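Student: I would like a close look at one part of this model, and then at how that part ties into the rest. Please keep it connected and go step by step.

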Amino acid sequence: MLITQSELLIDHPDRLKWNQKYSQYSSEKILPHPILSTIQTLNLPQAPILEIACGLSGNVISLARLGYSILAIDISEVALNSLTNILKENNLEHKVTLIQADLGSYDIPKESFALILGVKYWDKNIFKKACHGVMAGGILAWETFNKKHLCYHPNFNSKWCLEEDEPASLLPNGFEVMVEEDFDTTNTRRLIARYKNKD
């Protein structure tokens with residue numbers, strides 16, 4: 001199911017930017033992110049999965065094939081429409097709800113998801129909201145650019161890169177870090193943490 005809000009986001013600069021990008025993107029390039037190979041070894045509660053800023057996500061397709069129910073959010077209806085078509089071709093549309101939204105104004109339901117996944121997207125406030133969306137026993141999995149990325153892409157906006165102690169330093173009480181690793185080949189940092197309890 002696809003829920004669009006194009007009329008509400010018509011002039012949003014992120015929508016325009018990503019629509020242009022995805023209109024030139026071949027769906028044949030869609031692959032799951034390597035972080036899924038680690039996630040698939042973990043025990044997850046029986047609850048939906050949320051991927052934020054999903055774009056044309058191979059993660060959504062792979063997780064749906066594994067039988068998970070998924071909610072995926074992005075601002076680009078071009079990406080979401082393409083993803084919808086792929087899901088239909090593979091008879092997976094019943095496993096996935098796609099929502100077009102600006103993450104800055106989207107309220108992530110608290111303690112509702114077995115897994116919340118964020119890949120190559122960074123906003124501190126969105127990360128904090130995502131943390132509160134993970135249910136007890138659930139997993140937060142995030143991988144995005146660290147500051148080394150700026151050495152190779154100096155025009156990249158530094159606010160979209162992690163500080164030295166992020167994102168682990170932003171985890172609220174109750175999370176246990178399972179994986180924290182930097183990857184020199186992609187200039188990214190990966191964090192996988194399980195939400196144990198509120199104490």
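Student: Which elements each supply at least two residues of the lining of the largest cavity?

Tutor: They are α4 and β4. Keep in mind throughout that this is a predicted model. Start with the space itself. The structure holds 1 cavity of 30 Å³ or more. The largest cavity encloses about 30 Å³. Its lining consists of M1, L2, T84, L87, E93, V96 and L98. By class, that lining divides into 5 nonpolar residues, 1 polar and 1 charged.

Now place the two elements. Helix α4 covers residues 77–89. Strand β4 covers residues 96–100. Together with β3, α4 and β4 make a right-handed β-α-β unit. β3 and β4 pair in the parallel sense, over 5 bridges. One residue fixes the register: L71 of β3 has T97 in β4 as its bridge partner.

That leads to β3. This strand spans residues 70–74, and 5 of its 5 residues are buried, so the rest of the structure largely encloses it. In a regular strand, side chains alternate between the two faces of the sheet. For β3, the two sets are I70, A72 and D74 on one side, and L71 and I73 on the other. Both faces are covered, since each of these residues is buried.

β3 also pairs with β2. The sense is parallel again, with 4 bridges between β2 and β3. L50 stands opposite L71 in β3. L71 is thus matched with T97 in β4 and with L50. The link from β2 to β3 has its own helix: β2, α3 and β3 make a right-handed β-α-β unit. β3 therefore belongs to two such units, one with β2 and α3 and one with α4 and β4, and is largely enclosed.

Step back to the whole sheet. 8 strands form an open sheet, in the order β1-β4-β3-β2-β5-β6-β8-β7, and the pairing is mixed. The edge strands are β1 (2–3) and β7, each of which pairs on one side only. Strands of a sheet pair through backbone hydrogen bonds, either parallel or antiparallel. The parallel sense was seen at β2 and β3, and at β3 and β4. The antiparallel sense appears at β6 and β8, and at β7 and β8.

Take β8 next. This strand is mostly covered: 8 of its 8 residues are buried. T188, R190, I192 and R194 lie on one side, with R189, L191, A193 and Y195 on the other. Both faces of β8 are covered. β6 and β8 share 7 bridges, and W142 stands opposite L191 in β8. β7, residues 175–183, pairs with β8 over 8 bridges. V177 stands opposite A193, and E176 stands opposite R194. β7 and β8 form a hairpin, with 4 residues between them. In that turn, N187 has a positive phi of about 55°.

The β6 and β8 pair also carries a side-chain contact. E143 sits in strand β6. Its relative accessibility is 4%, so E143 counts as buried. The side chains of E143 and R190 are joined by a polar contact of 2.6 Å. R190 is itself among the buried residues of β8.

Contrast E143 with E111. E111 lies in the loop between β4 and β5 (113–119). It is partly exposed, with a relative accessible area of 35%. E111 and C131 are 20 residues apart in sequence, and their C-alpha atoms are 8.5 Å apart in space.

Finally, look at the open space. The largest pocket holds about 1300 Å³. It is lined by 45 residues, of which W18, A53, V119, K120 and Y121 lie nearest its centre. Several elements of the sheet contribute. β2, β6 and β8 each supply at least two lining residues, as do α1, α3 and α5. α1 gives the largest share, 5 residues. The lining has 22 nonpolar, 11 polar and 12 charged residues.

So what ties the cavity to the rest? α4 and β4 each supply at least two residues of its lining. Both belong to the right-handed unit with β3. From β3, the sheet order runs through β2, β5, β6 and β8 to β7.

Notes
Residues are numbered from 1 along each chain as its sequence is written. This is a predicted model: local features need pLDDT of at least 70, side-chain atom pairs count only at pLDDT 80 or more; totals for chains, interfaces and linings use all residues. Side-chain values use heavy atoms; hydrogens and water are left out. On a 1 Å grid over the protein atoms alone, a cavity is a set of points where a 1.4 Å probe fits but cannot get out, and a pocket is an open set with protein on both sides within 12 Å along at least five of seven lines; lining residues have an atom within 4 Å of a point. Grid points are joined across faces, edges and corners, and a volume is the space filled by probe spheres set on the points. Ala, Val, Leu, Ile, Met, Phe, Trp, Tyr, Cys and Pro count as nonpolar, Asp, Glu, Lys and Arg as charged, and the others, Gly among them, as polar. Buried means under 20% relative accessible area, exposed over 50%, partly exposed in between (1.4 Å probe, protein chains only). Two strands pair if DSSP finds at least two bridges between them. A crossover is right-handed if, with the strands pointing away from the viewer, the path from the first strand over the helix to the second runs clockwise. A polar contact is a pair of N or O atoms within 3.5 Å; within protein, one must be able to donate a hydrogen and the other to accept it, and residues adjacent in sequence count only if both atoms are side-chain atoms.
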